[in-house]
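Here is a walk through one protein model, element by element. Keep the sequence and the fold side by side as you read.

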Amino acid sequence: MQMINVGLCAYGMSGKYFHAPFIQEHPGFHLSAVVERHRQESKEKYPQTTIYTSVEQILEDAHIDLVVINTPIQTHLEYTKKALEAGKHVVVEKPFTVTAQQAEDLVQLAEQKNLTLSVYQNRRFDRDFLQVKEIINQGVLGKIKEVEIRFDRFRPQPGSKQHKEDVTLPGAGALHDLGAHLIDQMTQLFGKPEEIFADVFSMKGSQYANDYFEILAYYSSSLRVRVKSSVFAKEDYYAYKIFGDKGCFLQERSDSQEEELVAGNTPVFNKEWLKKTIQNDGLLHITNLEGKEVREEVTSKPTDYMYYYEDLYNHLVLGEAAPSPGKEIVLNMEIIDAVLASNTEGRKIKL
């Protein structure tokens with residue numbers, strides 16, 4: 001098996017839980033280097049890995065083929081550009097960039113250099129989202145009329161990460177953070193909307209970056225998609241609501257991969273590694289082809305973020321389609337730009 005040497009640009013939560021374990025367990029990748037500016041924490045789990053104190057050192061390492069840019073969003077443009085200019089394939093942690101123009105510039109550079117540029121949209125591999133996608137694709141709901149996608153938490157106190165909380169920093173806040181996931185799921189299901197109307201602000205106070213957003217996407221005269229997030233939701237409820245002219249589907253946010261990874265559970269290549277669950281997490285209520293009412297609880301199927309790295313490996317080595325290529329994610333950044341414009345101007349923004 002051809003081995004791809006990987007450099008990981010940070011060892012915070014993203015590097016520790018969402019990248020390093022999957023790179024380590026995939027037989028086609030070698031975790032060659034990690035950037036840790038002040039510690040050597042990664043040595044405990046990955047003693048074979050070289051520790052660098054700067055991203056520039058990773059880019060100077062001629063043995064590294066692929067660089068994971070999982071640094072704060074405000075550095076994504078600079079570091080991704082440097083990595084591409086150094087001849088490295090790149091995975092950028094979401095959100096891709098601060099603006100759509102930055103994303104487009106990086107895509108063009110990657111194309112000029114004939115290098116892969118992929119954005120880590122791992123929540124395409126959440127079990128709840130895949131269940132929603134399957135139900136929609138089955139066509140049992142008929143023509144889709146209204147959709148709501150939510151990601152709520154109860155975090156009334158500001159977090160410790162300045163790049164996410166500081167209102168003066170471009171790209172800080174929930175819209176770029178969680179919004180990058182939810183907008184990606186929306187465009188995966190329904191493509192590009194025609195218009196956007198949005199409300200974005202900070203419930204914790206104007207001295208903090210936005211922690212609330214509500215986006216209304218206009219797809220046609222008969223389809224509306226609402227995307228929403230709040231940090232003052234104490235109780236969980238359905239994260240996905242899909243309404244069609246034949247019925248509806250309600251889906252809880254039930255994927256446990258993040259919790260399992262943070263708890264220390266390690267992914268295993270080509271094997272189920274998550275705790276099994278038989279708990280129902282969805283409700284389907286339709287009128288079937290025979291005209292009968294069908295109301296049943298459903299259970300989503302286990303999935304694995306390893307699929308992202310497997311798809312990436314097959315792209316780099318076998319030439320198969322890249323997972324969430326940068327060119328595709330430019331649309332998500334255009335929508336984020338439109339959301340901010342709509343919030344500022346108080347009107348619908350055409351895409």
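Start with helix α9, in what is a predicted model. The helix has 13 residues, which at 1.5 Å a residue should span 18 Å. Its end C-alpha atoms lie 17 Å apart, so the expected and modelled spans agree. Just after α9 comes G319, with a positive phi near 80 degrees.

Which residues of α9 are buried? They are M306, Y308, Y309, L312, Y313 and N314. An α-helix has 3.6 residues a turn, so residues three or four places apart point the same way. The cover over the buried residues of α9 includes helix α1 (13-25). Strands β1, β2, β4, β5 and β6 are also among the elements that cover them.

Those strands lead to the sheet. Six strands make up an open sheet, in the order β3-β2-β1-β4-β5-β6, and their pairing is parallel. The edges are β3 (50-52) and β6 (117-120), each of which pairs on one side only. From one strand to the next, the twist averages 25 degrees. Helix α9 (residues 306-318) packs on this sheet and touches β1 (4-8), β2 (29-35), β4, β5 and β6. The direction of α9 makes about 175 degrees with that of β6.

Look inside the sheet at one pair. Strands β4 (residues 66-69) and β5 (residues 89-93) run parallel and are joined by four bridges. L66 has H89 in β5 as its bridge partner. Strands of a sheet pair through backbone hydrogen bonds, either parallel or antiparallel.

Next comes a pair of helices. Helix α3 (residues 76-85) and helix α4 (residues 100-113) have axes that come within 10 Å and cross at roughly 5 degrees. An angle under 35 degrees counts as roughly parallel, so α3 is roughly parallel to α4. On the α3 side, the contact is made by H76, L77, T80, K81, L84 and E85. They meet Q102, L106, L109, A110 and K113 in α4. What is the make-up of this contact of α3 with α4? Its residues divide into five nonpolar, three polar and three charged.

Now turn to helix α5 (residues 127-138). Its 12 residues should span 16 Å at 1.5 Å a residue. The end C-alpha atoms of α5 are 16 Å apart, so the two values agree. Buried in α5 are R127, D128, F129, Q131, V132, I135 and I136. Charged residues appear in that list as well: R127 and D128 are among the buried ones. These buried residues of α5 pack against α7 (174-190), β11, β12 and β13 (282-287). After α5 comes G139, whose phi is positive, near 80 degrees.

Strand β11 (residues 240-244) deserves its own stop. Which of its residues lie on the covered face, and which on the uncovered one? Y240, I242 and G244 form the covered face of β11. K241 and F243 form the uncovered one. Strand β11 pairs with strand β7 (residues 144-150) in the antiparallel sense, over five bridges. In that pairing, E148 stands opposite K241 of β11. Strand β11 also pairs with strand β12 (residues 247-251), again antiparallel and over five bridges. Here G244 stands opposite G247 in β12. Together β11 and β12 form a hairpin, with two residues between them.

Technical notes
Residues are numbered from 1 along each chain as its sequence is written. This is a predicted model: local features need pLDDT of at least 70, side-chain atom pairs count only at pLDDT 80 or more; totals for chains, interfaces and linings use all residues. Side-chain values use heavy atoms; hydrogens and water are left out. Two strands pair if DSSP finds at least two bridges between them. Axes are lines fitted to C-alpha atoms, for helices over the stretch in contact, and angles run from 0 to 180 degrees between N-to-C directions. Contact means heavy atoms within 4.5 Å. Angles under 35 degrees count as roughly parallel, over 145 as roughly antiparallel, 65 to 115 as roughly perpendicular and the rest as oblique. The expected span of a helix is 1.5 Å times one less than its number of residues. Buried means under 20% relative accessible area, exposed over 50%, partly exposed in between (1.4 Å probe, protein chains only).
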